[in-house]
Amino acid sequence: MQISDLVKQFSNDDPATEVNLKLISDILKHFKAEREFNLDGYIKMIDSARSENPMASAHILVRRNRDVTLGNRALLSPNDWKETNQFQDEFVLTLYQVSGEKNNGKSVWVQNIKLPMKKNFYII
């Protein structure tokens with residue numbers, strides 16, 4: 001299963017939608033990251049929160065056909081930033097499907113993970 005298959009039920013116009021933490025973890029497991037970005041650590045944090053509370057939820061925001069320009073200060077658009085910041089105490093996963101014009105015609109999924117503000121997390 002591909003990321004596109006996992007998020008097909010979310011449209012570009014949907015607001016951040018409540019989902020279970022398992023879906024967030026499953027999506028993140030499809031990404032590969034450079035060594036400097038400890039993606040496995042983020043997945044472990046989410047899985048740990050799931051084991052503490054199997055009913056815990058998160059939010060997901062999916063945007064397709066985005067064009068991210070090199071040199072921008074932030075990945076998230078101002079509207080998406082505002083939308084996801086209303087969930088201060090939850091995990092929020094924003095997924096951008098970046099258009100493939102500059103990537104040999106292949107679109108690429110890019111993730112942004114927001115952690116709950118009221119918890120302390122340590123990645124070792």
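Let me start with one residue, lysine 29: it is partly exposed, with a relative accessible area of 49%. On that scale, buried means under 20% relative accessible area, exposed means over 50%, and partly exposed is in between, using a 1.4 Å probe and protein chains only.

Before going on, a word on what you are looking at: this is a predicted model, where local features need pLDDT of at least 70 and side-chain atom pairs count only at pLDDT 80 or more, while totals for chains, interfaces and linings use all residues. Residues are numbered from 1 along each chain as its sequence is written, and side-chain values use heavy atoms, with hydrogens and water left out.

Back to lysine 29. Which residue does the side chain of lysine 29 meet in a salt bridge? The partner is aspartate 47, at 4.0 Å from N to O. By salt bridge I mean a side-chain nitrogen of Lys or Arg within 4 Å of a carboxyl oxygen of Asp or Glu. Aspartate 47 sits in helix H3 (residues 39-52) and lysine 29 in the loop between H2 and H3, so this pair ties together parts that are 18 residues apart in sequence. When I say helix or strand, I mean DSSP runs numbered from the N terminus: H or I with at least four residues for helices, E with at least two for strands.

Aspartate 47 is partly exposed, at a relative accessible area of 25%. It also forms a salt bridge with arginine 50, where the closest N and O atoms are 3.6 Å apart. Those two are three residues apart in helix H3, so about one helical turn separates them. Arginine 50 is partly exposed too, with a relative accessible area of 28%. Put together, Lys29, Asp47 and Arg50 are linked in a network of salt bridges.

The structure holds five salt bridges, and I'd like to show you one more. Arginine 66 pairs with aspartate 80, their closest N and O atoms being 3.4 Å apart. Arginine 66 lies in strand E2 and aspartate 80 in helix H4 (residues 78-85), so the pair ties together parts that are 14 residues apart in sequence. Is each partner buried or exposed? Arginine 66 is partly exposed at 23% relative accessible area, whereas aspartate 80 is buried at 3%.

Now please turn to the sheet. Four strands form an open sheet in the order E1-E2-E3-E4, with mixed pairing; two strands pair if DSSP finds at least two bridges between them. At the edges are strand E1 (17-20) and strand E4 (108-114), each of which pairs on one side only. From one strand to the next, the twist averages 30 degrees. E1 and strand E2 (residues 57-66) run antiparallel and are joined by four bridges. In that pairing, asparagine 20 stands opposite serine 57 in E2.

What packs on this sheet? Helix H2 (residues 21-28) does, touching E1, E2, strand E3 (92-98) and E4, and its direction makes about 85 degrees with that of E1. For such angles, axes are lines fitted to C-alpha atoms, for helices over the stretch in contact, and angles run from 0 to 180 degrees between N-to-C directions.

Next, the inside. The largest nonpolar core has 26 residues, and those with the most contacts inside it are Val7, Ile27, Leu28, Ile60 and Leu95. A nonpolar core here is a set of buried Ala, Val, Leu, Ile, Met, Phe, Trp, Tyr and Cys residues joined through side-chain atoms within 4.5 Å. Helix H1 (3-6), H2, H3, E2, E3 and E4 are the elements that give two or more residues to this core. The largest share, six residues, comes from H3. Not counting residues up to four places away in sequence, leucine 28 touches Leu39, Ile43, Ile46, Leu93, Gln111 and Ile113, where contact means heavy atoms within 4.5 Å.

My last stop joins two distant stretches of the chain. Serine 4 lies in helix H1 and counts as partly exposed at 33% relative accessibility. Glutamine 97 has its place in strand E3 and is buried, with a relative accessible area of 13%. The two are 93 residues apart along the chain, and their C-alpha atoms are separated by 8.9 Å. Leaving aside neighbours within four places in sequence, serine 4 is in contact with Gln97 and Trp109. On the same terms, the contacts of glutamine 97 include Ser4, Arg66 and Ser107.
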